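Student: I'd like to go through this one by asking how each label is earned. Can we put the values next to the cut-offs as we go?

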Amino acid sequence: MSMTNRQKENIGFVIRLIIALIFISPLFICLVFSFVPDEKLFAVPTIKTIVSNLTGRNYIEILKEMPVFMYVKTSLVLAIIVIVMQLTISSLAAYAFAYMKFRFKNFWFTLILVAMMVPGQVVTITNFITVRDFGLLNTYLGLTIVSFAGGRSLFMMRQSFLSLPMEMKEAATLDGCGDFRYLVHFAVPLSLPSIASVSILLFIGEFNSYLWPILVARKPQLYTIQIGMASMVDDTATPRYGKMMAVAVMSLVVPLLAFLIGEDYLISGMTKGAIKG
Amino acid sequence: MRSKSENGFNWLALLFVSPVIIFLTVFTFYPFVRSIVMTFFVTDSLGNPGMFVGLRIWKKVLSSSEFKVSLGTTFKYSLAKGVLTFCLAMLMAFLCTKKTKRSKVYQTMFALPIAIASAPICAIVTYVFCRYGVFNAITGRTEAWLALSKARFWIIVLSSVWSSSGSSFIYLLVGFRNVPDELIECANLDGCGPVRRFFQIFIPIASPQIFFVIFLNILSAFKGFAIIKILVGNVEAPEVTTLILKLYQYAFVRDRYEIACVYGLILAVVIFVVSRIQFMVEKKVVFYQ
């Protein structure tokens with residue numbers, strides 16, 4: 001008896017689904033153990049100890065001593081500041097490079113390309129000194145200012161502007177529409193897919209950033225969720241695994257939602273212009 | 001088209017470009033030059049340059065054994081991470097080459113690590129590999145794995161592999177999906193099996209993406225900080241103390257900014273050299289349609 005194509009396809013789907021579930025099993029482990037009390041995790045877990053002890057206590061107790069939601073809020077605010085600033089700055093420059101003629105255009109363009117080659121980690125130390133000397137430690141501005149300019153978003157916006165029909169720009173110019181108005185009323189609204197891609201890339205990147213925030217955010221009121229999470233992992237003297245998993249779950253909700261909502265834009269943003277061919 | 005630039009300055013264009021130029025100057029070019037300058041001076045605990053010492057700090061760092069160990073560690077870690085991420089992502093992308101109505105379900109799951117930050121990954125790993133963790137529950141062992149240096153190295157590699165496999169998967173998937181359906185059908189008609197199909201059709205057509213992913217992972221491992229830092233904590237762990245960790249320790253734990261800058265610049269040189277190699281090899285091995 002041979003299988004129909006339909007059956008073959010179903011089996012293929014189930015096999016792939018199982019492999020994918022195994023691949024993301026760390027997340028299930030995290031979720032399950034976030035509902036097991038800490039003291040039950042000081043022995044090798046068995047299915048029985050897990051199932052018979054499920055409780056929401058970890059969440060309630062850790063929220064009393066650790067302002068997890070405040071940390072998440074800080075991360076969110078930082079991500080939004082970076083997205084707004086970088087999109088604004090990049091759109092302006094991208095417009096100039098796409099449509100305008102000006103002196104040393106190629107030089108400025110090359111300069112931006114060169115800047116993109118400098119790894120951010122290498123300038124971290126000196127940037128830290130600069131930000132400290134500006135008195136920006138422990139401020140939202142200090143946490144975000146180094147990410148205001150970004151080559152990648154500039155190139156993505158420029159690509160998007162260049163793909164708009166040239167006739168539209170010419171017609172608008174003939175009708176007396178100036179560059180700034182054209183940018184705000186036509187170029188930007190017509191580039192929403194690219195803006196979405198840039199935003200989701202920056203959002204996930206900023207939400208995950210760790211090195212810069214631990215340097216600049218020295219007081220707990222400005223801790224990001226990554227700092228809060230990491231401080232708990234590093235507290236090896238009194239490991240509280242259940243509560244740790246609860247914080248991990250809470251820290252994952254926002255970026256996972258953003259990923260699921262913006263997946264298509266994220267993927268197009270990642271692959272657009274990243275690879276030739 | 002009207003252009004204001006023909007006789008003179010286009011002020012508006014300059015206004016549009018200036019923010020990005022200013023920010024890149026202040027936070028990329030200036031700090032880069034400043035960190036070069038700093039390596040020629042002994043700095044105080046705030047990072048202000050004091051006495052000029054020429055190349056003495058460079059000589060001291062380059063001849064120290066901790067630097068050599070750290071450089072070796074960086075390459076070992078990067079290579080392990082690069083190769084393993086690539087293999088895992090290849091496998092996942094190959095499973096997803098065929099686009100069906102339901103393929104988006106497992107595709108999304110394979111891409112999911114993109115959204116997951118290093119700190120929660122470290123939290124999960126810390127629990128899974130602790131003395132009473134899931135790993136020991138499954139294998140029946142009793143070790144606290146993160147306290148063993150060799151196991152710790154591989155746990156850190158594994159965590160970074162998982163963390164970057166999502167994005168590598170996406171890049172490779174785009175490459176595999178570039179293979180035209182007709183080509184696969186032709187190959188099937190000619191009696192070409194799955195293994196041959198993989199090596200003679202998918203790999204050549206996806207070669208730009210494959211190549212990109214290999215180097216992407218090696219380069220990102222050079223810069224990988226969070227996972228190592230969080231999993232190691234404040235313990236001395238030379239087996240995972242890469243250049244970027246040295247940079248962090250010298251600058252922000254020991255307040256020796258000038259030494260940290262030397263490590264940073266060496267890291268920049270390593271990254272630059274590897275990117276040049278990528279650029280040169282790409283022309284020879286990558287097949288463009």
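Student: What share of the contacts in chain B with a separation of 6 or more comes from residues 24 or more positions apart?

Tutor: That share is 71%. Keep in mind that this is a predicted model. A pair counts as a contact when the C-beta atoms lie within 7 Å.

Student: What makes chain B more spread out than a compact globule?

Tutor: Set its radius of gyration against the globule rule: chain B comes out at 24 Å, while the rule gives 19 Å for 289 residues, so chain B is more spread out than a compact globule. The C-alpha atoms fill a box of roughly 75 × 75 × 30 Å along the principal axes. As for its make-up, chain B has 13 helices and 2 strands.

Student: How many of the residues in chain B are buried, as a percentage?

Tutor: Buried residues are 43% of the 289 in chain B. To get that label, a residue needs 20 or more other C-beta atoms within 10 Å of its own.

Student: Why are β1(B) and β2(B) called a pair?

Tutor: Pairing takes at least two bridges. Strand β1 (residues 41-43) of chain B and strand β2 (residues 49-52) of chain B have 2 bridges, in the antiparallel sense, so they meet the cut-off. Thr43(B), for instance, has Pro49(B) as its bridge partner in β2(B). The hairpin has 5 residues between the strands, and Gly47(B) takes a positive phi near 95° there.

Student: Which parts of domain 1 of chain B touch domain 2 of chain B?

Tutor: The assignment puts domain 1 at 11-52 and domain 2 at 61-285. In chain B, 9 residues of domain 1 are in contact with 7 residues of domain 2. On the domain 1 side, the elements giving two or more residues are α1 (11-38) and β1 of chain B. That side has 4 nonpolar, 5 polar and no charged residues.

Student: And what does chain A put against chain B?

Tutor: 79 residues of chain A are in contact with 77 residues of chain B. Helix α15 (residues 241-271) of chain A gives the most to the chain A side, with 14 residues. By class, that side has 58 nonpolar, 12 polar and 9 charged residues.

Student: How do you know where confidence in chain B is low?

Tutor: Look at the pLDDT: chain B has a mean of 90, with 96% of its residues at 70 or more. Over residues 1-7 of chain B, though, the value is below 50. Where pLDDT is low, the predicted coordinates should not be read in detail.

Key. Residues numbered from 1 in each chain as written. Chains lettered and ligands numbered in written order. Predicted model: local features only at pLDDT ≥ 70, side-chain atom pairs only at ≥ 80, totals over all residues. Helix = DSSP H or I, 4+ residues; strand = E, 2+ residues; numbered from the N terminus. Rg over C-alpha atoms; globule rule 2.2 N^0.38 Å. Buried ≥ 20, exposed ≤ 12 C-beta atoms within 10 Å, placed from the backbone. Contact = placed C-beta atoms within 7 Å. Nonpolar A, V, L, I, M, F, W, Y, C, P; charged D, E, K, R; others polar. pLDDT = per-residue confidence, 0-100. Domains from an automatic or database assignment.
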